[in-house]
Amino acid sequence: MTLDVVFLFLQQGVASGLVIGSVYALLALAIVVIFKTSDVPNFSQGEMVMAAGYIALYLLVFRSMPLWIVMPATILAAYAGAALFRRLVLNQVARANGSPVNLVIATLGLSYVLRGFVRQTGFGDTPRSFPPVVEPQSIMIGQAAVTTLDLVILATAVVVMAAFFWMFKYTKIGRAMRAVGMNPKAAQLVGVDLTRIHMIVWGLSGGISAIAALLISPKVLMTADMGSIVTLGFAAAIVGGFTSLPGAVVGGFLIGIIENLVGLFISSRAIVLAPFVAIMLVLVIRPQGLFGGRVEIKKV
Amino acid sequence: MPDLLELAGVSASYGRIQALSGVSLSVPEGSIVALLGSNGAGKTTTLNTISRLVPVQSGSIRFDGKAVESMASHKVVEGGVVQVPEGREVFRDMSVRENLEMGAYRRKDAATVRADFDRVLDYFPKLRDRLQQRAGTLSGGEQQMLLIGRALMARPRLLLLDEPSLGLSPVLVQQIFGIIDRLNKDGLTILLVEQNAAVALSTSSYAYILENGEMALQGASDQLRRDDSVRRTYLGH
């Protein structure tokens, strides 16, 4: 391998990695925001992405609605669905037995329900492709080839993340979410309505999942099992420290770039291993993740 | 003075463990009432049933004539009953300023919130120099001041104070209780939970003593201070 080729591969790997990494970053954000405010890793995140993808597909292809209706409708449906699940199912589970394990199991239940439902409708039987939001045209950035669709994906993801961070940092509701994440009891004592905050957090997480679905669906084949892409969101979240939102974003981009570099330099068959090697390396060197802060000792 | 807060026969439990059985107490408007007892007697649980963090099994809680026992916790805060929790329950990764602003979370009157912000800093001038500092890096005494300040930002009519002296040096305890006294003189009604019975009895006008989740003794604070059994058990002489 000559130096020229190495240089070319590096450019291509980083460019493609940033594009797919931006989607992983969104997925990681969706996971971390729920974990931060309720200590629950949401194992139905992938199926939320999948279900949102099929809602969009249904409206667009089978109902022939225009894209400018399909996109907000999908995001809203995902927001409402996730918020209602939190309010109706998880609140009930929490009241019956407050241990987080039961909540985690309930999210697993949701993942099976969603997958079963999509299988039942029959849409998931044949792998389908989602029509791209923009007509893909090839563009060269340096020596890296990307498509206009790639640029739209990256730009949308970055804008969504920026809006999310702004909301988290500067709005009253965002501050309340941070307060719940730091100390739920103190948040209640200043008058934060926990039920409402949890609903909004789940809704946001669902909405972000829907955006990720809209971005990724033109690039992948849709099946009822496409939710497994969230594994990479989990990988990104773990690399970033699992409780850090900026960490989730950095982790997402890192995983995307590592995947692509491994694919180019080693073998495309090694891609599936790359995220897990990255997780192991990070956990060995820095057990709390890149942005995890100090390790806290909990009293049991 | 009419009673601002009235508990009648309140019981509460954690799973199978009975934490409170039939607790009754009343807090007249404008007073400081102390709730004493040893560790695990149910003092904090009593406050948490009032704040609606612990469900009430039976009995009634009335604040200003309104039934509290079935309200949501944020409605209790909105109604003017605000708890200063025990320990260091600040929002660690927020600045001191953000912590104080969180205290006014349920208020919509921006102008008076700003005025109250200044008033709180007048009570606790030390916090003024630390407004941008992360709350988790404050000393124990400063965190206690921040907690009281945060509660004041909600404009309470009744302050529930849980162990404000916990883990503080005698000098700081004196300082904090000086401020509690001032707050009361400025018109705030206070229900004070303490293990430090000596300080609590000299600050309050009336006191209740809890034992194993039941009300064991009550009376005017000066009387309890002279009571032999109280002196032996709670004052250590």
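Chain B holds 10 helices and 10 strands. Its radius of gyration is 17 Å, close to the 18 Å that the globule rule gives for 237 residues, so chain B is as compact as a globular protein of that length. This is a predicted model, and every value here is computed from it.

**The two chains side by side**

Chain A has another make-up, with 11 helices and two strands. Read from the N terminus, its elements run α-α-α-α-β-β-α-α-α-α-α-α-α. The two strands therefore follow four helices, and seven helices come after them, as the order from the N terminus shows. Chain A has a radius of gyration of 19 Å, which agrees with the value near 19 Å for a compact globule of 300 residues.

| Chain | Residues | Box along principal axes | Buried residues | Contacts 24 or more positions apart, among those with a separation of 6 or more |
|---|---|---|---|---|
| A | 300 residues | about 60 × 50 × 35 Å | 50% | 75% |
| B | 237 residues | roughly 45 × 40 × 35 Å | 42% | 68% |

**A helix pair in chain A**

How do helices α1 and α10 of chain A pack? Helix α1(A) covers residues 3-38, and helix α10(A) covers residues 245-265. They pack at an angle of about 145 degrees, with their axes 6 Å apart. The crossing of α1(A) and α10(A) is right-handed. Their contact contains 19 nonpolar, 10 polar and one charged residues.

**The four-stranded sheet of chain B**

Now to the sheets of chain B. Four strands of chain B form an open sheet, in the order β2-β1-β4-β5. The pairing is antiparallel. Strands β2 (17-28) and β5 (66-67) of chain B stand at the edges. Each has a single partner strand, so one side of each is left without a neighbour in the sheet.

Inside this order, β1(B) meets β4(B). Strand β1(B) spans residues 3-14, and strand β4(B) spans residues 58-63. Five bridges join the two in the antiparallel sense. One facing pair is B:Leu7 and B:Ile61, the latter in β4(B).

A helix packs on this sheet. Helix α1(B), residues 43-50, touches β1, β2 and β4 of chain B. The direction of α1(B) makes about 70 degrees with that of β2(B).

**The six-stranded sheet of chain B**

Six strands of chain B form another open sheet, ordered β6-β7-β8-β3-β9-β10. Here the pairing is mixed. Strands of a sheet pair through backbone hydrogen bonds, either parallel or antiparallel. Which strands stand at the edges? They are β6 (81-84) and β10 of chain B. Each has a single partner strand, so one side of each lacks a neighbour in the sheet. From one strand to the next, the twist averages 20 degrees.

Helix α1(B) packs on this sheet as well as on the four-stranded one. In the six-stranded sheet, α1(B) touches β3 (32-36), β6, β7 (158-162), β8 (189-194) and β9 of chain B. The direction of α1(B) makes about 150 degrees with that of β7(B).

**A hairpin at one edge**

Strands β9 and β10 of chain B deserve a separate look. Strand β9(B) covers residues 206-211, and strand β10(B) covers residues 214-220. They run antiparallel and are joined by six bridges. B:Tyr208 stands opposite B:Gln218 in β10(B). B:Ile209 stands opposite B:Leu217, also in β10(B). In a regular strand the side chains alternate between the two faces of the sheet.

What lies between the two strands of this hairpin? There are two residues between β9(B) and β10(B). In this hairpin, B:Asn212 takes a positive phi near 50 degrees.

**Where the chains meet**

How many residues of each chain are in contact with the other? The count is 22 residues of chain B and 14 residues of chain A. On the chain B side, the elements that give two or more residues are α2 (73-79) and α3 (96-103). Helix α2(B) gives the most, with four residues. By class, the side of chain B that touches chain A has 10 nonpolar, five polar and seven charged residues.

Technical notes
Residues are numbered from 1 along each chain as its sequence is written. Chains are lettered from A and ligands numbered from 1 in the order in which they are written. This is a predicted model: local features need pLDDT of at least 70, side-chain atom pairs count only at pLDDT 80 or more; totals for chains, interfaces and linings use all residues. Two strands pair if DSSP finds at least two bridges between them. Two residues are in contact if their C-beta atoms, placed from the backbone, lie within 7 Å. Axes are lines fitted to C-alpha atoms, for helices over the stretch in contact, and angles run from 0 to 180 degrees between N-to-C directions. A crossing is left-handed if the near helix is turned anticlockwise from the far one by less than a right angle, and right-handed if clockwise. Ala, Val, Leu, Ile, Met, Phe, Trp, Tyr, Cys and Pro count as nonpolar, Asp, Glu, Lys and Arg as charged, and the others, Gly among them, as polar. The radius of gyration is taken over C-alpha atoms; the globule rule is 2.2 Å times the number of residues to the power 0.38. A residue is buried if 20 or more other C-beta atoms lie within 10 Å of its own, exposed if 12 or fewer, and partly exposed in between; C-beta atoms are placed from the backbone.
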